[in-house]
Amino acid sequence: MALLIRNADIVNAGSREQADIYVESATITRIGRDLRAPPGTEIVDARGKLVFPGFVDPHVHIYLPFMATFAKDTHETASIAALVGGTTTFIEMCCPNRNDDALEGYQRWKSKADGKSACDYAFHMSVTKFGKESESQLKEIVADGTASFKIFLAYKNFFGIDDGEMFETLELAKRLGVIVTAHCENAELVARLQQKLLAEGKTGPQWHEVSRPESVEADGTGHFAAFLEITGAAGYVVHLSCEKALNAALAAKARGVKLSIESVLPHFLLDKTYAERPGVEGMKHVMSPPLRAKHNQAALWAALASGAVDTVGTDHCPFDLEQKLLGKDSFVSIPNGIPGIEERVNLMYTHGVMRGRLELDRFVDATSTRAARLFGLFPRKGAIAVGSDADIVVYDPHYRGAVSARTQHTNNDYNGFEGMELEGRPSVVTVRGKVQVRDGNFVGERGYGKFLKREATHF
Ligand code: URP
Ligand code: ZN
Ligand code: ZN
């Protein structure tokens with residue numbers, strides 16, 4: 001069915017235009033003033049609203065066996081949460097561990113999402129070991145349309161790879177034109193610090209940050225950058241959390257290393273005092289890299305505003321209270337993760353745009369367009385343009401509310417951002433022209449989302 005969005009105040013990264021948007025067969029086919037539409041066309045009046053391209057979350061975990069348990073969401077719950085919050089495409093980390101077969105893991109992740117996601121999705125393929133089958137398997141995965149890798153410098157003996165494996169992965173990525181995303185914390189330092197703290201009887205969640213201090217992340221970031229410099233591969237630091245790591249990444253960029261930077265929602269808005277709360281209250285706020293001292297937030301916001309930090313993801317990774325309590329006797333056993341797929345757009349709009357930290361078009365760039373560009377989805381995603389998929393967010397800037405676990409769609413029994421104010425939310429969200437959300441409610445079709453095949457673009 002055709003769709004006409006009238007009176008749209010269209011905000012793309014780098015441009016703003018007042019126009020109508022006409023959609024046929026899932027695609028934007030016309031943008032212009034006073035467009036006419038045939039009888040039967042669905043009409044949405046966007047007067048008084050902002051109209052954004054569907055938002056892209058470049059870093060989520062949905063199916064995830066991790067830390068003796070599984071992340072809580074299904075592709076159905078996570079995609080509905082994403083859509084209610086304005087995210088129409090997510091890129092999930094496909095994370096088989098070192099003992100799994102990569103290809104078998106990739107098929108497993110795909111089968112979990114297939115027919116279940118209500119929004120479109122893609123994967124970053126984690127390389128958690130590099131053995132003799134890796135090259136042929138990874139080539140097959142890239143040929144299947146998954147044109148980005150993920151590596152972990154952290155999580156020794158589980159997801160983590162050593163320097164030799166990182167070198168092989170980056171060499172292959174360079175040859176294939178594939179970008180490599182990386183979790184940058186020095187695993188050896190983390191392991192030593194954890195042992196030391198536990199031996200001193202320091203077991204509560206407040207010690208998590210102490211076991212992974214800023215210098216551990218800065219070291220990991222610089223180490224990854226050195227390998228990129230030597231191999232010539234393109235890289236992307238995920239969930240960069242602090243000024244020290246930012247400086248390491250910017251120094252690498254300044255000397256020409258092909259490095260992009262992502263920071264994630266929790267690090268902009270939550271600081272380490274949240275994880276220092278006693279008991280399960282603190283455990284709710286344990287993730288890696290950890291929440292940091294508050295002064296880091298100003299550095300992240302400034303770098304985001306200037307574009308030095310390229311994207312904002314979530315690192316969505318829900319564990320419920322019972323799961324968090326697996327770590328009641330030792331912070332090293334608290335499942336790591338703070339979900340945010342539903343809150344990212346609204347909280348970044350409220351605390352970024354409305355608080356004067358982010359220009360509106362940079363907000364769109366950081367939360368949609370730049371991820372689409374970096375990961376081979378643009379201009380299909382990340383733009384309101386003729387020929388693009390009709391993923392459109394009609395956004396109500398007059399909405400006032402607050403984050404609450406009671407009303408969330410994410411499958412979890414708490415929300416790490418509980419009580420935070422929201423000044424705006426999506427009023428209508430479409431995926432390929434289909435209305436999936438109206439005013440905070442999912443009204444669409446479950447399982448409508450498609451796997452997005454992507455070409456390698458980093459030659
Ligand atoms: O704490 C986190 N970040 N959990 C998810 C796994 C990862 O490191 O991204
Ligand atoms: Zn990570
Ligand atoms: Zn992650």
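**Exercise 1. In this predicted model, work out how strands β17 and β18 run relative to each other, parallel or antiparallel, and how many bridges join them.**

Step 1. Start with the strands themselves: β17 covers residues 421-431, and β18 covers residues 434-438.

Step 2. Now look at the direction. The two strands run antiparallel, and four bridges join them. To see the pairing at one spot, find V428, which stands opposite R438 in β18.

Step 3. Next, check the turn. The hairpin of β17 and β18 has two residues between the strands, and R432 takes a positive phi near 45° there.

Step 4. Keep going along the chain. β18 also pairs with β19 in the antiparallel sense, over two bridges. Here V437 has F442 in β19 as its bridge partner. This hairpin has two residues between its strands as well, and D439 in the turn has a positive phi of about 45°.

Step 5. Come back to R432 for one last point: R432 is part of a network of salt bridges, linked with D120, R380, K381, D389 and D391.

**Exercise 2. Find which residues coordinate the zinc ion (ligand 3), and decide what to call the site.**

Step 1. Pick out the protein donors. They are H59 and H61, each through NE2, and D315 through OD, at 2.0 to 2.1 Å.

Step 2. See how they are spread along the chain. The spacing reads H-x1-H-x253-D. H61 lies in the loop between β6 (55-60) and β7 (65-66) and D315 in the loop between β15 and α13, so this pair ties together parts that are 254 residues apart in sequence.

Step 3. Judge the geometry. The angles among the four donor atoms go from 88 to 142°. A tetrahedral label would need all angles between 85 and 135 degrees, and the site counts as irregular.

Step 4. Look around the ion. The zinc ion (ligand 2) is 3.7 Å from the zinc ion (ligand 3). As for the donors, both H61 and D315 are buried.

**Exercise 3. What is unusual about the backbone at D315 and H239?**

Step 1. Recall the general rule: most residues other than glycine have a negative phi, and most peptide bonds are trans.

Step 2. Take D315, the zinc donor from before. Its phi is near 60°, a positive value in a residue other than glycine. With a relative accessible area of 7%, D315 is buried.

Step 3. Take H239, in the loop between β13 (235-237) and α8 (243-254). H239 has a positive phi of about 35° although it isn't a glycine. H239 is buried too, because its relative accessible area is 2% and the cut-off is under 20%.

Step 4. Finish with the peptide bonds. A cis bond joins S288 and P289, with omega about -10°; P289 sits in the loop between α11 (279-283) and α12 (295-306). Another cis bond joins F378 and P379, with omega about 5°, and P379 belongs to the loop between α15 and β16 (392-402).

**Exercise 4. Which parts of the chain do the salt bridges of D320, R175 and D144 tie together?**

Step 1. Get the overall count: the whole structure has 34 salt bridges.

Step 2. Follow D320 to K72, where the closest N and O atoms are 3.2 Å apart. D320 lies in the loop between β15 (311-313) and α13 (321-324), and K72 in the loop between β8 (69-70) and α1 (75-84), so they tie together parts that are 248 residues apart in sequence. D320 is buried at 10% relative accessible area, while K72 is partly exposed at 27%.

Step 3. Move on to R175 and E135, whose closest N and O atoms are 3.2 Å apart. This one connects two helices: R175 is in α4 (residues 163-176) and E135 in α3 (residues 134-143), so parts 40 residues apart in sequence are tied together. E135 counts as partly exposed, at 29%.

Step 4. End with D144 and K453, with 3.4 Å between the closest N and O atoms. D144 is in the loop between α3 and β11 (148-152) and K453 in the segment after β19 (441-442), so the link spans 309 residues of sequence. K453 is exposed, at 53% relative accessibility.

Technical notes
Residues numbered from 1 in each chain as written. Chains lettered and ligands numbered in written order. Predicted model: local features only at pLDDT ≥ 70, side-chain atom pairs only at ≥ 80, totals over all residues. Heavy atoms only, no water. Salt bridge = Lys/Arg side-chain N within 4 Å of Asp/Glu carboxyl O. Buried < 20%, exposed > 50% of the residue type's maximum accessible area, 1.4 Å probe, protein only. Pairing = 2+ DSSP bridges. Donors = N, O, S within 2.8 Å, 3.2 Å for Na, K, Ca; no water. Tetrahedral: all angles 85-135°; square planar, octahedral: opposite > 155°, others 65-115°.
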